[in-house]
Amino acid sequence: MFSEKNIPKLIILTPIITVFMIAFFTIYFFIQNQNNYFEEESLRIENEYIQKQKNLLEKEVNYIINYLEHTVQRNKNLNEEELKFELLKYIESIRYEKYGYIWVHDTSYYLRAHPFRQKSIDTYDINLKDAIGTLITKQFIDETIKKPNGVFIEYFWAKPKEIHPSKKLGFFRLYEKYNWVIGSGLYIDDIQKSIFQNKKLLEKRINKYIRLVVTISILVILFIGLLTFFISRKIIQVFKDYQDNVQKKELLLEDLNQNLELKVEKAISDIKKKDKAMLHQSRLARMGAMLSMIAHQWRQPLSEVSGILMELETANKFNNVSSSLIEESVKDSNKQIQFMSNTIEDFRNFFKPDKQKIDFYIQDACNEALTLVDASIKNFNIELKQNIKENCLIYGYEREFSQVILNLMSNAKDVLIQREIVNPTIYLELDKQDNNAIIKVLDNAGGIEEEHIDLIFEPYFTTKSAATGTGLGLYMAKMIIEKNMGGELMVENTEEGAQFLIILPMGKMKKNE
């Protein structure tokens, strides 16, 4: 269904179906809502109309009661029986609505007034039944005695001049002076007929709204369908162009892939050559640094050997050469030569790779590095300040750690010389924090440029010239500390200069404990 060939159809049909479904459900819920509204409104109209009819019945009966009370109070000419007779005749003459009239019973169940039952006047009417067999006279009077201020009662009774009974709603109230039960009623089917007419008007109005909404929805569907059709054709065209472009690019990619392996092999070969060249350059740079440090270490003993030879030469000119002088000179010369030989051995051993981890003290490893760089530092009048707060025992590769310290010291020395700092100083601080050894190497050369500080440990990154730096020293130092020894090497700028911070987990004990 979702293949590439069916995508154009989906582009056209999806919006149309979506709009149709939205319109369908909108119309459905609108009609449902209108039907619910119609039912609720019909019920409200019915209740309002029935209440209106109840009010009408109550009004008519209350009018008769008020009339009776008013007439009885103002009567001066008629005796009581004559007055009752006149009042009952008046009640029988009252008409309202289409079939509305008034009748009277007394509380003894005698019929006293009724416009359509003249033959039953003054008879005992308790056995009168409605169309379904209910003793309605008894019900009227008993219910009214219980509720003398008025009661509504439903029953079945034939309309005047009609045979078939209809449902009727009656209202009854007691006139206590004569113990009369005044009653009146309206036929429910007349009420229902009026309600039905009102419902028909409401239904007609709602159907008009529904037809309007349906018509508008259909027009909207047609409009959106046409609009979607034209837009979809444009999209299909764009999609086709896209397919053509993709096909062209696939051909180009296929051609590229055919030559990619050769290009990758060539790139790898170039990278290997570059790495070899960089490593060779790194070895040459380390060799140059080592030769430079050896030269500084040898300068003083060579000077002393030269002085010894000059002393022998002078003594020989003045014929003052004695066997003791020669022996003393040879002894001193051998001492200096032995120092120079030891220097070569120290450098050779220093750069040997460690084969296994050992426990060693931080200060001892630092001293090995300082031994190699000390002469070079002093040659450039750089002051070295050491602050040994704690000499911690750690577990790791001692020579590799010493090489890290040597690298940090050499970098600090180089930047102090490069920037020609007045009173150049390198600080070395050993401390501990919690269960970690803390080593800080700090110079007063002004710090690392902000744009370089995040790149300082990247391989091949260097701020030195290509002849003096390879960009691998700090990278290798970070690998030694973090990968080989499980520590952390960081750098930050201080007010004086760059501070390198080494954090290493401590061993079992501190020295001299």
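Disulfides number 0 in this predicted model. A disulfide is a covalent bond between the sulfur atoms of two cysteines. Two cysteines are nevertheless worth locating by their solvent exposure. Cys-366 has a relative accessible area of 1% and is therefore buried, the limit being under 20%. Cys-392 likewise counts as buried, at 1% relative accessibility.

**Overall composition**

The chain comprises 9 helices and 13 strands. Of its 513 residues, 35% count as buried. Among contacts with a separation of 6 or more, 66% are made by residues 24 or more positions apart.

**Strands 8, 10 and 11**

Strand 10, residues 425-433, pairs with strand 8, residues 383-388, and the two run parallel with 6 bridges between them. Within the pairing of these strands, Tyr-427 of strand 10 stands opposite Lys-385. Strand 10 also pairs with strand 11, residues 436-443, here in the antiparallel sense and over 8 bridges. Strand 10 thus takes part in a parallel pairing with strand 8 and in an antiparallel pairing with strand 11. One bridge of the antiparallel pair links Ile-426 to Asp-443 in strand 11. In a regular strand the side chains alternate between the two faces of the sheet.

Strands 10 and 11 form a hairpin, with 2 residues between them. Asp-434 lies in that turn and has a positive phi of about 55°.

**Residues with positive phi**

Most residues other than glycine have a negative phi. Against that background, the following residues carry positive values.

| Residue | Phi | Location |
|---|---|---|
| Asn-381 | near 60° | loop between helix 6 (362-379) and strand 8 |
| Glu-420 | about 50° | loop between helix 7 and strand 10 |
| Asp-434 | about 55° | turn of the hairpin of strand 10 and strand 11 |

Solvent exposure can be stated for two of these residues. Asn-381 has a relative accessible area of 64%, which is over 50%, so this residue is classed as exposed. Glu-420 is also exposed, with a relative accessibility of 68%. The loop that holds Asn-381 leads from helix 6 to strand 8, and strand 8 is the parallel partner of strand 10. The loop that holds Glu-420 lies between helix 7 and strand 10.

**Packing of helix 7 and helix 9**

Helix 7, residues 398-418, packs with helix 9, residues 473-484, at an angle of about 145°. The axes of the two helices are 10 Å apart, and the crossing is left-handed. From helix 7, the contact involves Glu-400, Phe-401, Val-404, Asn-407, Leu-408 and Asn-411. These residues meet Gly-473, Leu-474, Ala-477, Ile-480, Ile-481 and Asn-484 of helix 9. Sorted by class, the contact contains 7 nonpolar, 4 polar and 1 charged residues.

**Lys-200 and Ser-42**

Which helix holds Lys-200? Lys-200 belongs to helix 4, which spans residues 188-317. How far apart in space are Lys-200 and Ser-42? Their C-alpha atoms are 9.6 Å apart, while 158 residues separate Lys-200 and Ser-42 in sequence. The relative accessible area of Lys-200 is 43%, a value between the limits of 20% and 50%, and Lys-200 is therefore partly exposed.

Terms used
Residues numbered from 1 in each chain as written. Predicted model: local features only at pLDDT ≥ 70, side-chain atom pairs only at ≥ 80, totals over all residues. Heavy atoms only, no water. Pairing = 2+ DSSP bridges. Helix = DSSP H or I, 4+ residues; strand = E, 2+ residues; numbered from the N terminus. Disulfide = S-S within 2.5 Å. Buried < 20%, exposed > 50% of the residue type's maximum accessible area, 1.4 Å probe, protein only. Axes fitted to C-alpha atoms, helices over the stretch in contact; angles between N-to-C directions. Left-handed = near helix turned anticlockwise from the far one by under 90°. Contact = heavy atoms within 4.5 Å. Nonpolar A, V, L, I, M, F, W, Y, C, P; charged D, E, K, R; others polar.
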